[in-house]
Amino acid sequence: MMIKALCLTLLLGFSVTSAFGAEDLDKFDYDPSKIPVSEQGTADLGELQGVPTPLVEYIIDSSGSMGQILTGKKTKIFVMKKLLSRYLVSQWTEKTSSGMRVIGSRRKKDCKDNYLAIPPGNAKLGLIEGMVKSMDPVGMTPLYDSMKEAYKDLEKYDGPKRVVIFTDGEETCGKDPCKLSEEFKNKNVDLKFFVVAFGLQGQQETLQKLKCIGDLHQADDEEQLDKMFEDLDKDLNPNKNLFVDSPEPQATVMLFRAETPNEIYRRFQASYGIQVPPGRYYAVVNLKPKYRFKEFIVPPNKKVTLKVKGEAKFKANFIDGLMKVELLNKNRKVVKRFNSDAVVSLPPGKWNFRFYRDPFYEKVVNNYLVVPNAEYEYTIEEAGVAYVEDPQVKGIYVFGNRGIMMGNHVTNFPLVLGKGVYEIRVDDKCIFKDIIMGSNKEVVKLQCSKVKK
């Protein structure tokens, strides 16, 4: 049974919302047993390379510059806290967890403002969420001291040690973190530094001062930072054995043990994956509508990739099927072509749509989320159709704003125009002025015989 999940009306520029807030995705206010099993979803097996699991500590720069606006009204620290909390909670397990050291969050102009907020291996879920929320952009950036203390935090661990530094600037306390990094390399220990330079687009000098610390990654907006967490996670958690291929990578996955089907065992972001013991499970991906996989097995020494599959219904509403539509992949390659007002089946994913009618109208909509078992309607309201009737086929001239000629067309064929005011000329005796297009419900019919002389 198809569920109408979303009806988007496009006003003055196709306003599209394709991602859900963390609050909505993380709610567990439903009975999972009542969600229909999606038989098309698959659980694919792969080989798992068993390697020692690193112990990780994150150094979070909460200095004053992190209070700067990144995009819109969101500050750097707001975006960082949002994604960091989501990531750490997603990766949290009962037996192991990452540590977190925070710099510059308590006092101004204090290079000793550097403390261990979450000890490695001892974090509790509530502690993670509470500590991340409590960070404020206040002070300095003592990278050198925080790196030195992070090593001490991890020193007694026998396996690989990893330190990930999230910062929007260089050392501000007069020391040399690059020199310290070289000293650690000479210790002949399995220690590796990663640096995520956040919001430093175009600041090459600062980036060079961070590059010498360790593997440098750059993120300049929320989407890039989220992708950075995903990429880093592959190095930091090499033994994950359960992944979910979802059309919305940020969707929360609720994992249940088969023997306790109504009790959440783990909750994680689809794009990150998770490490679980071998056993029988089922999972619900918190999409709209929710997507439930049938029971699956995680065998020993294997990894499982759950793939969300199935189709959705889509209809682009326009006038008399006159709008042409192309479904484009991320490389702008055409996957499917169809006309408006026809109900078509679409595969899941984030797609780009091209709505067009040659020669005058084109609009591209990016990152439109399509979820299996949903029905979507897209009402195009920023265009209209004009039709010039004449006993004979004649050429016409179309003029847009400020009297600028847009091009030629012919009579007796529909003419799709974007929102605006137009002038259409057939000849000196037949001129249609002030033709308003946009939000038209019907074809605007124009006849030369009705033009006032």
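# Exercises on helices and sheets in a predicted model

K76 lies in helix 2, which covers residues 76-91; here helices (H or I, at least four residues) and strands (E, at least two) are DSSP runs numbered from the N terminus. The model is predicted, so local features need pLDDT of at least 70 and side-chain atom pairs count only at pLDDT 80 or more, whereas totals for chains, interfaces and linings use all residues. Residues are numbered from 1 along each chain as its sequence is written, and side-chain values use heavy atoms, with hydrogens and water left out.

## Exercise 1: the surroundings of K76

Task: decide whether K76 is buried or exposed, and list the residues with which K76 is in contact, leaving aside neighbours within four places in sequence.

Solution. Begin with the terms: buried means under 20% relative accessible area, exposed over 50%, and partly exposed in between (1.4 Å probe, protein chains only). K76 has a relative accessible area of 4%, and is therefore buried. Next, contact means heavy atoms within 4.5 Å. Once the neighbours within four places in sequence are set aside, K76 is in contact with S65, M66, Q68, L70, D168, F198 and G199.

## Exercise 2: a six-stranded sheet

Task: find the order of the strands in the open sheet of six strands, and state which strands stand at its edges.

Solution. Two strands pair if DSSP finds at least two bridges between them. In general, the strands of a sheet pair through backbone hydrogen bonds, either parallel or antiparallel. The order in this open sheet is 7-6-3-8-9-10, and the pairing is mixed. Strand 7 (114-118) and strand 10 (215-219) stand at the edges; each has a single partner strand, so one side of each is left without a neighbour in the sheet. The twist from one strand to the next averages 20°, where axes are lines fitted to C-alpha atoms, for helices over the stretch in contact, and angles run from 0 to 180 degrees between N-to-C directions.

At one edge, four bridges pair strand 6 (residues 99-103) with strand 7 in the antiparallel sense, and V102 has Y115 in strand 7 as its bridge partner. Helix 4 (residues 143-154) packs on this sheet, where it touches strand 3 (55-61), strand 6, strand 7, strand 8 (161-167) and strand 9 (191-198), and its direction makes about 160° with that of strand 3.

## Exercise 3: V102 in strand 6

Task: describe the surroundings of V102, which is found in strand 6.

Solution. V102 is buried, with a relative accessible area of 0%. Not counting residues up to four places away in sequence, V102 touches I60, S62, D113, N114, Y115, A117 and M135. The C-alpha atoms of V102 and S146 are separated by 8.2 Å, although these residues are 44 residues apart along the chain.

## Exercise 4: the faces of two helices

Task: compare the span of helix 4 with the expected one, and say where the buried residues of helix 7 lie around its axis.

Solution. The expected span of a helix is 1.5 Å times one less than its number of residues. For the twelve residues of helix 4 this should give 16 Å, and the end C-alpha atoms are 17 Å apart, which agrees. The buried residues of helix 4 are L143, Y144, S146, M147, A150, Y151 and L154. Seen down the axis, they fall within an arc of 170°, so they line one face of helix 4; the arc is that of the directions from the helix axis to the C-beta atoms.

Helix 7 (residues 222-236) has 15 residues and reaches 21 Å from its first C-alpha to its last, close to the 21 Å expected. Its buried residues are E222, L225, D226, M228, F229, L232, D233 and L236. They cover an arc of only 150° around the axis, which puts them on the same side of helix 7. E223 and K234, on the other side, are exposed.

## Exercise 5: strand 22 and its partners

Task: explain why strand 22 (residues 349-357) is described as largely enclosed, and find how many bridges join it to strand 23.

Solution. Seven of the nine residues of strand 22 are buried, so the strand is largely enclosed by the rest of the structure. Strand 19 (residues 324-328) runs antiparallel to strand 22 and is joined to it by five bridges, with L327 opposite F353. Eight bridges join strand 22 to strand 23 (residues 361-370), again in the antiparallel sense, and F353 stands opposite V365 in strand 23. Strand 22 and strand 23 form a hairpin with three residues between them.
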